[in-house]
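Biologist: Please take me closely through one part of this model, the way its helices and strands pack against one another, and then carry that view onward to the residues around it. I would like each term to be defined as you use it.

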Amino acid sequence: MKRQIFTADHEAFRKTVRTFLAKEVEPHHGQWEKDGIVPREAWLAAGRQGLLGLAVPEEYGGGGTTDFRYSAVLTEEFTRAGAAGLAVGLHNDVIGPYLTSLATDEQKRRWLPGFCTGELITAVAMTEPGAGSDLQGIRTTAEDRGDHWLLNGSKTFISNGILADLVIVVAKTTPEGGAKGLSLFVAERGMPGFERGRNLDKIGQKAQDTAELFFQDVRIPKENLLGELHGAFGHLMANLAQERMTIAVAGIAAAEHLLEITTRYVKEREAFGRPLAKLQHIRFEIAEMATECAVTRVFLDRCITDHAAGELDAVHASMAKWWATELQKRVADRCLQLHGGYGYMTEYRVAKAFTDGRIQTIYGGTTEIMKEIIGRSLLA
């Protein structure tokens with residue numbers, strides 16, 4: 001089916017993104033994976049191309065558009081290119097809304113210009129060694145010391161953790177923490193007591209730096225409180241729908257691209273003297289995946305349209321996230337199987353997609369959490 005959600009302007013932007021990827025990312029991504037990190041110059045190049053801060057007001061150097069369809073285009077093209085290392089989706093769609101919606105005018109002047117140029121790379125630090133999806137378990141604390149906050153604790157699995165210049169940290173500001181006792185603070189590179197641990201060795205997304213962060217008596221200026229005191233839980237819930245939509249968009253884009261790759265492969269690869277595509281089992285496998293992708297695409301495009309109009313709710317974002325990422329996982333597994341032994345070789349795109357995509361059902365809220373959100377909405 002021909003997609004109907006994009007205008008000529010969106011497609012022109014798609015061409016810009018593809019040109020950027022072909023020139024600035026794809027020739028270098030293999031080396032970045034060996035290095036375990038993306039060079040800062042790549043972020044600056046993305047900033048020069050106007051790919052950072054799409055929703056940031058123009059007065060701060062951003063794109064000035066809140067149309068999520070542009071973000072969807074960016075996510076789709078980065079996914080098709082297998083460019084997980086340069087985490088522009090995390091920067092734009094996950095962290096950007098915290099700064100544009102919660103920051104004071106003074107904070108916006110301080111942080112948003114660099115956010116858009118790529119000079120200030122960002123991260124958000126929620127997960128801890130003992131607290132993942134359950135925010136009630138957060139132990140990092142911020143103590144009011146009059147003219148500053150004293151931040152203590154540790155975070156783990158933080159994407160952009162090594163490169164980040166600004167880290168939005170979720171911390172307890174009441175003894176009990178929980179839904180009414182968490183706040184957001186911005187820790188900046190170079191603050192005494194703010195240390196980074198090792199760049200974690202993952203099974204996929206090798207070029208994307210993921211780190212442990214440690215905070216020992218870090219003095220956070222009062223002006224680095226982000227949003228309302230004790231209001232972090234509400235702020236997090238308000239922004240999670242977009243984070244989950246970004247992950248879902250990547251999920252269906254990855255599944256569709258894997259299907260394209262595998263369809264070509266089974267037409268060319270021969271077994272028992274004829275192409276694999278001539279075998280009924282192979283045709284059935286392709287038919288099933290194509291149908292699942294087509295049905296999912298229709299739902300995702302509706303969610304993209306609704307979100308661009310400000311009408312998508314948390315329940316449908318959760319549906320999109322769990323369904324698209326679980327589909328991505330199934331398609332990656334089946335496509336690898338259809339490639340046979342070649343699918344297990346890292347030089348083949350399907351092998352990289354298999355390992356890169358496995359995290360999709362975990363971060364941004366696990367599949368199980370998505371089902372819980374949906375179930376509660378229906379059975380409350």
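Helix packing and what surrounds it

Modeller: Helix α9 passes helix α11 in a left-handed crossing, a term used when the near helix is turned anticlockwise from the far one by less than a right angle, a clockwise turn being right-handed. Helices here are DSSP runs of H or I with at least four residues, strands are runs of E with at least two, and both are numbered from the N terminus. This is a predicted model, in which local features need pLDDT of at least 70 and side-chain atom pairs count only at pLDDT 80 or more, while totals for chains, interfaces and linings use all residues. Residues are numbered from 1 along each chain as its sequence is written, and side-chain values use heavy atoms, with hydrogens and water left out.

The axes of α9 and α11 (residues 367-379) lie 9 Å apart and meet at an angle of about 145 degrees; such axes are lines fitted to C-alpha atoms, for helices over the stretch in contact, and the angles run from 0 to 180 degrees between N-to-C directions. On the α9 side the contact (heavy atoms within 4.5 Å) is made by V315, S318, M319, K321, W322, T325 and E326, and on the α11 side by T367, M370, K371, I373, I374 and S377. By class, six of these residues are nonpolar, four polar and three charged, where Ala, Val, Leu, Ile, Met, Phe, Trp, Tyr, Cys and Pro count as nonpolar, Asp, Glu, Lys and Arg as charged, and the others, Gly among them, as polar.

From this helix pair the view leads to the interior. The largest nonpolar core has 58 residues, of which F78, L86 and M245 touch the most other members; such a core is a set of buried Ala, Val, Leu, Ile, Met, Phe, Trp, Tyr and Cys residues joined through side-chain atoms within 4.5 Å. At least two residues of this core come from each of α1 (8-25), α3 (40-48), α4 (68-80), α7 (232-268), α8 (280-308), α9 (314-339) and α10 (349-356), and α7 gives the most, with 10 residues. A second, separate core of 28 residues includes A87, L99, I138 and L226. In soluble globular proteins, nonpolar side chains tend to be buried together.

Two residues show the contacts around the 58-residue core in detail. Residues up to four places away in sequence aside, M245 touches F68, L300, C303, I304, L312, A317 and A320. F20, in helix α1, counts as buried because its relative accessibility is 3%, buried meaning under 20% relative accessible area, exposed over 50%, and partly exposed in between (1.4 Å probe, protein chains only). Beyond its neighbours within four places in sequence, F20 is in contact with V25, A42, A45, A46, Q49, L51, F78 and L86. Although F20 and Q49 are 29 residues apart along the chain, 7.5 Å separates their C-alpha atoms.

The strands can be followed in the same manner, two strands being paired if DSSP finds at least two bridges between them. Strand β2 (residues 141-144) pairs with β3 in the antiparallel sense over four bridges, with T141 opposite N152; the two form a hairpin with three residues between them, and G146 in the turn has a positive phi of about 90 degrees. β3 is also joined by nine bridges to strand β7 (residues 210-221), again antiparallel, and F214 in β7 is the bridge partner of S154. Within β3 (residues 148-159) lies T156, which is buried because its relative accessibility is 8%.

In the loop between β3 and β4, N160 has a positive phi near 70 degrees, although it is not a glycine, and N160 is buried because its relative accessible area is 0%. Strand β4 (residues 166-172) then pairs with β5 in the antiparallel sense over seven bridges, V169 standing opposite F185. Six of the seven residues of β5 (residues 182-188) are buried. β5 also pairs with strand β8 (residues 225-226) over two bridges in the antiparallel sense, placing L184 opposite L226, and L226 is among the residues of the second core. Finally, H230 in the loop between β8 and α7 has a positive phi near 65 degrees, and H230 counts as partly exposed because its relative accessibility is 30%.
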